[in-house]
Amino acid sequence: MKICASIVEDSTEKVLASMNRAAGWADLLEIRLDHLEKPDLAALLNDPPRPVIVTNRLESEGGKFRGTESDRLAILEKALQFKPAMMDLELSAGERVIGEFTRKKDGTRLIISFHDFKGTPDLSVLEDLLKRIKDVRGDLAKIVTRVGTAEDLLRLKSLLDKAAAIEQPLAAFGMGRLGRFSRVLAPIWGSVLSYAAIGAGKEAAPGQMTGFEMRRLFKKSENLVEIRGQAKLFGVLGSPVGHSLSPVIHNSAFKHLDLDCFYVPVDIDEADLAADCVRALDFQGLSVTRPHKVAIMAGLDEIEAPAEALGAVNTVTRRDGKYIGSNTDWLGLIRTLEEQTTLQGKSVLLAGAGGAARAAVYGLVKAGADVTVTNRTPEKGRKLSSEFNVGFCPQEELKSADAEILINATPLGMASMTDLTPFPAELLKSNLIVMDMVYTPSETRLLREARRAGCRVVGGLSMLLNQAAFQFQAWTALPAPLDVMRAAAERALEEENDIS
Ligand code: NAP
């Protein structure tokens, strides 16, 4: 599978700058001439930093070209003189036009494309389109349809199977509600080309992943499993999940143990639709994150007792044909703390009253710790503490609180809140263990201040990895290669820092 950067800019200079930037990660560069008022073809095509696909898309095919059809074709003919690696012609241009371009192309490979903005036609119609493209001798077929149901996805999969059977190279994926998800699945199903945006906000089509996301999922060495068409599917279900570290973590483990499994982001915001897709595509396991941890429960066959008690599922495992919900957040937290100390009888002060705090209180109580909750909104904090029969400390009394372990289970310290911390510096005594569930940045203000005060500090990545290890074990019945997973996650975080 090759990754093509879709470059949509409104001036030749901007296209050239984007081509140079994308050349660092893309196999091919698609220049969308329809976004340019007066493209300087010589400047764009004479010496590109990567092989180029030239596209001049009509409005009716989802592009921006507003002139006549003969104007559009004239621009493409001119571009052909520069011998670009590939040129995209719509099937709707007609056999005569495609025939003329085929005669003139002189080394350029023709992509013959078809878009359906309303839906995904029946498989027989799709197969007929593929045959028509093969008949006009398209070097590569591109079929893009609107996908809104699990059945639509399965039709795209069958179409890709058919293309492989008749040896017609095909790029096929979707747009619409399941467009983003289909772009993740298509390469696994044999789509030969994936289009990626050069950055967030620069998408050439809705649902397009960025080059960074695409590369991280499919091309980084730790993920570069031979994805065999029959690989068992796993994923992280949530919305958004483009930045989730879980694909890197789990794929590194699958690769290390040479398991024929692949883990993808399942970026679907409707829980019912997500559950449909998971069953239709026979997913073997899922990590579940926002906003689905509660909503997913209705679609499962069984829920294990701790997840039931927590009212939240973060793990789904397919076992004996059933989808079973469980929760590894609390297990991950407890293992992380137990790597530092025993919890029985220890006093723990925990900031937060959301889902992560709930999982933590559940686990800490089970481990025999003496827990006190504090929270910005006191009512929510009190509710959590009374539900688990633990203490509550109003925020204004924090300075005089006493605890052996402090835990941050709020987003304070994360990206837009890096200067915030849930605990006043006066609380940080050298004998404390201080844990932050936040893992980006790896050293939050809380951890920085705690380290300076001589406390033992624990970052959120350890909890993330430990809960992932429990998931991995539930799915594969194998011990998770935690060191491999940690190294992959740390590398991915470093890379993220490098590009931000
Ligand atoms: P959540 O359900 O949205 O809970 C957020 C909690 O943080 C609430 O108690 C909320 O207080 C508090 N909060 C939010 N913004 C605040 C602010 N500006 N000032 C003070 N308090 C604030 O989120 P969650 O799912 O529990 O997750 C909490 C954090 O843990 C997130 O950063 C998440 O990434 C992290 N986490 C990490 C792991 C891991 O494996 N490392 C696992 C799960 C979660 P109110 O009640 O007043 O709104």
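Biologist: Which helix supplies the largest share of the lining of the second largest cavity?
Modeller: The model is a predicted one. In it, the second largest cavity is lined by A275, V278, R279, L286, I296, G299, L300, V316 and Y323. Three residues of that lining, the largest share, come from residues 271-280, which form helix α10.

Biologist: How do the residues of that lining of the second largest cavity divide into nonpolar, polar and charged?
Modeller: The cavity itself has a volume of about 60 Å³. Among its lining residues are R279 and G299; Arg counts as charged and Gly as polar. The division is seven nonpolar, one polar and one charged.

Biologist: What volume does the largest cavity have?
Modeller: The search of the whole structure finds four cavities of 30 Å³ or more. The largest of them has twelve lining residues, and E213, L217, G242, P247 and P265 lie nearest its centre. Its volume is about 110 Å³.

Biologist: Which element gives the most to the lining of the largest cavity?
Modeller: By class, this lining holds six nonpolar, three polar and three charged residues. At least two lining residues come from each of α8 (211-218) and α9 (246-256). The one that gives the most, with three residues, is α8.

Biologist: Where does P240 lie?
Modeller: The peptide bond joining S239 and P240 is cis, with omega about 0°. P240 belongs to no helix or strand; its place is the loop between β9 (232-238) and α9.

Biologist: Where does P441 lie?
Modeller: Here too the bond is cis: from T440 to P441, omega is near 0°. P441 is in the loop between β19 (433-436) and α15 (445-452).

Biologist: What span does helix α5 reach from its first C-alpha to its last?
Modeller: Helix α5 covers residues 123-135, 13 in number. At 1.5 Å a residue the expected span is 18 Å, and the helix comes close to this. From first C-alpha to last, α5 reaches 18 Å.

Biologist: Why do the buried residues of α5 line one face of the helix, and within what arc do they fall?
Modeller: The buried residues are L126, L129, L130 and I133. An α-helix has 3.6 residues a turn, so residues three or four places apart point the same way. On the other side of α5, S124 and D135 are exposed. Seen down the helix axis, the buried residues of α5 line one face because they fall within an arc of 95°.

Biologist: Which elements do the buried residues of α5 pack against?
Modeller: L126, L129, L130 and I133 are the residues in question. Their partners include a helix, α6 (150-165), as well as strands. In chain order the elements are β5 (109-116), β6 (140-146), α6 and β7 (170-175).

Biologist: Is R137 buried or exposed?
Modeller: R137 comes just after α5, in the loop between α5 and β6. Its phi is positive, about 65°, although R137 is not a glycine. Its relative accessible area is 61%. The cut-off for exposure is over 50%, so R137 is exposed.

Biologist: Is D320 buried or exposed?
Modeller: D320 sits in the loop between β13 (315-319) and β14 (322-326). Its phi, near 50°, is positive in a residue other than glycine. With a relative accessible area of 77%, D320 is exposed.

Biologist: Which elements do the buried residues of α4 pack against?
Modeller: Helix α4 (residues 95-104) has V97, I98, G99, F101 and T102 as its buried residues. Just after the helix, D106 takes a positive phi of about 50°. The buried residues of α4 pack against α3 (69-80), β4 (86-90) and β5.

Biologist: Leaving aside neighbours within four places in sequence, which residues is I334 in contact with?
Modeller: I334 is found in helix α12 (residues 329-338). Its relative accessible area is 9%; buried means under 20%, so I334 is buried. Apart from those neighbours, its contacts are L343, G363, L364 and A367.

Biologist: Among contacts between residues at least 6 apart in sequence, what percentage join residues at least 24 apart?
Modeller: The protein chain has 17 helices and 20 strands, and its C-alpha trace spans about 80 × 50 × 40 Å along the principal axes. Of its 500 residues, 55% are buried. For the contacts asked about, the share joining residues at least 24 apart is 66%.

Definitions and conventions
Residues are numbered from 1 along each chain as its sequence is written. This is a predicted model: local features need pLDDT of at least 70, side-chain atom pairs count only at pLDDT 80 or more; totals for chains, interfaces and linings use all residues. Side-chain values use heavy atoms; hydrogens and water are left out. On a 1 Å grid over the protein atoms alone, a cavity is a set of points where a 1.4 Å probe fits but cannot get out, and a pocket is an open set with protein on both sides within 12 Å along at least five of seven lines; lining residues have an atom within 4 Å of a point. Grid points are joined across faces, edges and corners, and a volume is the space filled by probe spheres set on the points. Helices (H or I, at least four residues) and strands (E, at least two) are DSSP runs, numbered from the N terminus. The expected span of a helix is 1.5 Å times one less than its number of residues. Buried means under 20% relative accessible area, exposed over 50%, partly exposed in between (1.4 Å probe, protein chains only). The arc is that of the directions from the helix axis to the C-beta atoms. Contact means heavy atoms within 4.5 Å.
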